[in-house]
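Please open the model in your viewer and keep the sequence panel beside it. The tour below proposes one selection after another and says what is to be found at each stop.

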Amino acid sequence: MTWTLRSRPTAWLVGIVACAMALVIPDLGTAPGGRTASAEPVRNATIVIEEGGARTGFATPEVTVGGGGAVTVVNLDSMDHTVTSVARAADGTPVFDVRVPAGTSATVPGVGTLAAGPWAFFCKLHPGMRGVITVEGVAGGVEPVDTRFEQPLVVPATRRGADVRLVMRRARVRVLPHGRRTAMWTYDGTYPGPTIKRRGGRGTEVTVVNRLPRGAGAMSTHLHGDHHAPADDGQPTTHLVRRGGERTYDYPLVVDGRPEPGSFFWYHDHRMDRTARNNWRGLQGMFIVTDPPRRGLRLPTGRRDLPLMVSERSFSAANQLTDPFAHGPEMVGHHGEMAWSGPHAPPDDATVGDKVLVNGRFAPYLDVSATRYRLRLLNSSPFSSYNFTLSDGRPFLHIGTGSGLLPKAVVRSSVLLGPAQRADVIVDFSGATGQRLVLASVPAAAGATGDDARETSVMEFRVGAPARDASRLPSRLPSPELVSPVPAKVSQTWTFGLEESAHSSYWSINGRAFDPGRVDHRPRLGTVERWRFRNTSDVTHYVHIHAEQWRTLLRDGKRPPPWERGLEDTWRLEPGEQVEVAARFTDYTGPFMIHCHMLDHEDHGMMARFDVVR
């Protein structure tokens, strides 16, 4: 099959651009007596997106409009884009938001009602694209509203037994602070599901029962980051949990004969073609593996050890989840010939929510003492990345990844996490008694790693009085052993890209869409392999590998930053970037997956199978 770039008509847009630009040029005219008349205030403006906008940004990132004027967006790119306000309305949604399909134009809604001043905007589908609309002259009364933190944070119930039973069922849960509860698909009636907490080396069986509504279909639960047999891995097309049925997953929590190191995993649905939909509807929960007590290591414990699942959703006026998949792309091939067509086919298939949730609640708050807290941060969003900061600038002490402690603690002003990535950090609230500190996501400077992070408030910490605190900040940490020696030769290169034809497209690995019956690589049990990731597309991907826990060797030929020097299972891969990793294949043979954890990308082809063999 031959694939070429889709051609999208743009010639007719030249006229639109010319007309739109003419609207923003004031008529200077000639006043009586030969004097030049004063220019009228600029009333209308145009935002232009050129070809390659995902890389280069808006061609006109700063525009000025008169009060009551209009802003037109002209998209000359081959990708869809949005113009979305950073500022929020009282209900937490963007003040303005418009999607502009490739090769079309649109008007930004509500600009004529905005108060005078600068209004920052970005593209939800390519968040590194940013700009500002400045409103001048007579203007409307719409002002940005600060986020209101109106409901307490909920910490999910904890299950500690060797046998855990989770029933997938529809339930109404409190997500938004006012109005009706939201109907979601849940594990055991809550979103997130219960947090499973087990000591490394203590085998755990989790039985998942499917009592979801008719039409939901079969499910597959994946314990993300864990080391277990293929049959217990949440295979995307086999070993499924059909409606009315159940399946028991066996997690020994052992790696190569030794207890699995303390880790922050999470479980979620992994059904092929439906992973984004099923996660969006609520099938997510957390799983913490603990180490035995270590002398001298005094990390915060109990209520000061907080798992925080950060995600995103959009809601109707009745507080119900929207259905971004109702008009999704149409599959025009199957497995090895998998491809999609329609207005939301790749690369225009990002699922982005209006509201950011923490442990299933929008804009929660937590009362804390002026002591040290351990925050286990998980980004379970289908698409967005977050660059976490605290509003008073106090630092995070980064002590671990999702797969274990780091060799050395790292002091950081911000922590960037993409979909499926986790970070184990300590925050010291000492000296902040009486303050309300906001955990927020703030994009990095343009051109820097993290400039595509979402800009939003996340949750609020309300700091009370000091209290007794037995913890202390660590420097050196008992990090899990990293695989060594590492081969100099790369055993397998995985290239993440986009394939397009005139009528269809798909996300690809090594130029091919996922086929569950095709094996793309066969590492041998007991060997160490060095793998390379390459990104040839115009968007960032987040690469997740099943089966093992991996050591990061190189990022663009250089030693990885200190916070990537422990074990990992998910990596950020920017356009043009290369990352090299290594692992030893132990314990299990059979099929495992490598895929992008931006869930629409995974569903639309960006997954491959490798089989561990003897």
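Is Trp-280 buried or exposed? Select this residue to begin, bearing in mind that the model is a predicted one: Trp-280 counts as buried, because its relative accessibility is 2% and the limit for a buried residue is under 20%.

**Aromatic pairs**

Across the model there are 17 aromatic pairs. To look at one of them, keep Trp-280 selected and add Phe-325: the ring centres of these two residues are 6.3 Å apart and their planes stand at 85 degrees, so the pair is edge-to-face. The two partners come from distant parts of the chain, 45 residues apart, with Trp-280 in helix 3 (residues 275-280) and Phe-325 in the loop between strand 21 (305-313) and strand 22 (330-331). Phe-325 counts as partly exposed, at 22% relative accessibility, whereas Trp-280 counts as buried.

Next, select Tyr-386 and Phe-388, an aromatic pair that is stacked, with 5.8 Å from centre to centre and 25 degrees between the planes. Tyr-386 and Phe-388 are both buried.

**Charges over rings**

Which residue has its charged end over the ring of Tyr-249? Selecting Arg-247 together with Tyr-249 shows that the charged end of Arg-247 sits over this ring, 5.6 Å from its centre. For another example, select Tyr-365 and Arg-462, where the arginine lies over the face of the tyrosine at 3.7 Å from the ring centre.

**Two open sheets**

Switch to a cartoon view and find the open sheet made of five strands, whose order is 10-13-20-19-15 and whose pairing is mixed. Strand 10 (158-159) and strand 15 (221-224) stand at the edges of this sheet, and each has a single partner strand, so one side of each is left without a neighbour in the sheet. Strand 15 runs antiparallel to strand 19 (residues 263-269), and four bridges join the two. To see one such position, select Leu-223, whose bridge partner in strand 19 is Tyr-267.

Now move to an open sheet of three strands, in the order 1-3-6, which also has mixed pairing. Its edge strands are strand 1 (45-49) and strand 6 (105-107), each of which pairs on one side only. From one strand to the next, the twist averages 20 degrees. Strand 3 (residues 71-75) pairs with strand 6 in the antiparallel sense over three bridges, and when you select Val-74 you will find that it stands opposite Ser-105 in strand 6.

**Nonpolar cores**

In soluble globular proteins, nonpolar side chains tend to be buried together. Which residues touch the most other members of the largest nonpolar core? That core has 54 residues, and the ones to select are Phe-533 and Phe-610. If residues up to four places away in sequence are not counted, the contacts of Phe-533 include Trp-494, Phe-496, Val-543, Ile-545, Trp-571 and Ile-594. Apart from this core lies another, of 29 residues, among them Val-356, Val-368, Phe-396 and Leu-439.

Phe-610 is worth selecting again for its ring, as one aromatic cluster is formed by Trp-494, Trp-531, Trp-550, Phe-585, Phe-592 and Phe-610.

**Backbone details**

Most residues other than glycine have a negative phi, and most peptide bonds are trans. The last stops show some exceptions.

Select Tyr-191 and Pro-192, which are joined by a cis peptide bond with omega near -5 degrees; Pro-192 is found in the loop between strand 12 (182-187) and strand 13 (195-199). Then select Ser-484 and Pro-485, where the peptide bond is again cis and omega is about -5 degrees, with Pro-485 placed in the loop between strand 34 (456-463) and strand 35 (492-500).

Finally, where is His-239 placed? This residue, which is not a glycine but has a positive phi of about 55 degrees, is in the loop between strand 15 and strand 16 (246-251), and at 38% relative accessibility it counts as partly exposed. Ala-363 likewise has a positive phi, of about 50 degrees, and its place is in the loop between strand 25 (361-362) and strand 26 (364-368). Ala-363 is buried, with a relative accessible area of 2%.

Conventions:
Residues are numbered from 1 along each chain as its sequence is written. This is a predicted model: local features need pLDDT of at least 70, side-chain atom pairs count only at pLDDT 80 or more; totals for chains, interfaces and linings use all residues. Side-chain values use heavy atoms; hydrogens and water are left out. Rings of Phe, Tyr and Trp (its six-membered ring) pair if their centres lie within 6.5 Å; planes under 30 degrees apart count as stacked, over 60 as edge-to-face and the rest as tilted. Buried means under 20% relative accessible area, exposed over 50%, partly exposed in between (1.4 Å probe, protein chains only). A charge sits over a ring if NZ of Lys or CZ of Arg is within 6 Å of the ring centre and within 35 degrees of the ring normal. Two strands pair if DSSP finds at least two bridges between them. Axes are lines fitted to C-alpha atoms, for helices over the stretch in contact, and angles run from 0 to 180 degrees between N-to-C directions. A nonpolar core is a set of buried Ala, Val, Leu, Ile, Met, Phe, Trp, Tyr and Cys residues joined through side-chain atoms within 4.5 Å. Contact means heavy atoms within 4.5 Å.
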